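I opened this structure for the first time today and kept short notes as I went. The entries follow the order in which I looked things up.

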Amino acid sequence: MKYAPKTASKLKKEAASLGLKKNKKPTKPREQLITIIESSRQIKREIGHATILLFGPSGSGKSSTINHVFNQNHNFATTSDEYSATRNITEYNITNDYPIYDVKDVSLGVIDSPGLSDTAGLQQDACNLVAIKHFFRENVFPNLIFVVVNAGDARFDGTNSHLSNS
């Protein structure tokens, strides 16, 4: 396995060695990986690091999802069944090898954000959204945004559903 290219020059060199051209569709996993990294570089995302933002209402399981993704014996993110546990935006990072793409030391950041629609009200929701916007102004914009919801949450139905009506 090889490292993923971490600079634009190394990325271009590997793309050339694989024979990748703009009109050629990648067929092998490593070719697909290099194509994805190049498209991320073109829109000013960091090469060699992917970021996922978890977004959704309080109590939907964003922090629990992080603990599951990192699959560790202890919890990274604080969780609670009784109150909103996440008050600050936090990025958790993990580095893994992916043999299917013939790559090692790929860095993934999963960002836990404070929930919306909790008991603190709409003003706190607005503060949380501004904090998320500020976080990405100072950091790299996420590659993916996952909206995490609890399928049985009644807050998504009816006239009081601020999240689904916005």
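**Entry 1: two helices in contact**

I began with the contact between two helices of this predicted model. On the H1 side I listed Ala8, Leu11, Lys12, Glu14 and Ala15, and these meet Arg30, Ile34, Ile37, Glu38 and Arg41 of H2. I then sorted the residues of this contact by type: five are nonpolar, five are charged and none is polar.

Next I looked up the geometry. Two packed helices are described by the angle between their axes and the distance between the axes. For H1 and H2 the angle is about 145°, and the axes lie 10 Å apart. I noted the crossing of H1 and H2 as left-handed.

**Entry 2: a charged pair**

How many salt bridges does the structure hold? I found one. The side chains that form the salt bridge belong to glutamate 14 and arginine 30, with 2.6 Å from N to O. Glutamate 14 is in helix H1 and arginine 30 in helix H2, so the pair ties together parts that are 16 residues apart in sequence. Side chains of opposite charge can pair when their charged atoms come close.

Are the two partners buried or exposed? Arginine 30 has a relative accessible area of 8%, so I wrote it down as buried. Glutamate 14 is buried too, at 12%. The cut-off I used for buried is under 20% relative accessible area.

**Entry 3: the nonpolar core**

I then turned to the largest nonpolar core and counted nine residues in it. They are Ala4, Leu11, Ala15, Leu20, Leu33, Ile34, Ile37, Ile47 and Val103. Two elements give two or more residues each to this core, namely helix H1 (8-17) and helix H2 (29-42). H2 has the largest share, with three residues.

I picked one core member, alanine 4, and looked up what it touches beyond its neighbours within four places in sequence. Its contacts are Arg30, Ile37, Val103 and Lys104. Arg30 is the arginine of the salt bridge in Entry 2, and both Ile37 and Val103 belong to the core.

**Entry 4: an unusual backbone angle**

Which residue other than glycine has a positive phi, near 60°? I noted aspartate 105. Aspartate 105 sits in strand S4, which covers residues 103-112. Its relative accessibility is 34%, so I put aspartate 105 down as partly exposed.

**Entry 5: phenylalanine 55**

I found phenylalanine 55 in strand S2, residues 49-55. With a relative accessible area of 18%, phenylalanine 55 counts as buried. I set aside neighbours up to four places away in sequence and listed the contacts of phenylalanine 55: Lys62, Ser113, Leu116, Leu129, Ile132, Ile145, Phe146, Val147 and Val148. One of these, isoleucine 145, I checked by C-alpha distance. The two C-alpha atoms are separated by 7.0 Å, although phenylalanine 55 and isoleucine 145 are 90 residues apart along the chain.

**Entry 6: asparagine 128**

Where does asparagine 128 lie? I placed it in helix H4, residues 122-138. Its relative accessible area is 6%, so asparagine 128 is buried. Outside the residues up to four places away in sequence, asparagine 128 touches Pro114, Gly115 and Leu116. Between the C-alpha atoms of asparagine 128 and glycine 115 I noted 7.7 Å, with their positions 13 residues apart along the chain. Leu116 was already in my notes as a contact of phenylalanine 55.

**Entry 7: the whole chain**

I left the overview for last. The chain has four helices and five strands. Read from the N terminus, the order of the elements is β-α-α-β-α-β-β-α-β. Of the 166 residues, 36% count as buried. I also looked at contacts between residues at least 6 apart in sequence, and 63% of these join residues at least 24 apart.

Key. Residues are numbered from 1 along each chain as its sequence is written. This is a predicted model: local features need pLDDT of at least 70, side-chain atom pairs count only at pLDDT 80 or more; totals for chains, interfaces and linings use all residues. Side-chain values use heavy atoms; hydrogens and water are left out. A nonpolar core is a set of buried Ala, Val, Leu, Ile, Met, Phe, Trp, Tyr and Cys residues joined through side-chain atoms within 4.5 Å. Buried means under 20% relative accessible area, exposed over 50%, partly exposed in between (1.4 Å probe, protein chains only). Contact means heavy atoms within 4.5 Å. A salt bridge is a side-chain nitrogen of Lys or Arg within 4 Å of a carboxyl oxygen of Asp or Glu. Axes are lines fitted to C-alpha atoms, for helices over the stretch in contact, and angles run from 0 to 180 degrees between N-to-C directions. A crossing is left-handed if the near helix is turned anticlockwise from the far one by less than a right angle, and right-handed if clockwise. Ala, Val, Leu, Ile, Met, Phe, Trp, Tyr, Cys and Pro count as nonpolar, Asp, Glu, Lys and Arg as charged, and the others, Gly among them, as polar.
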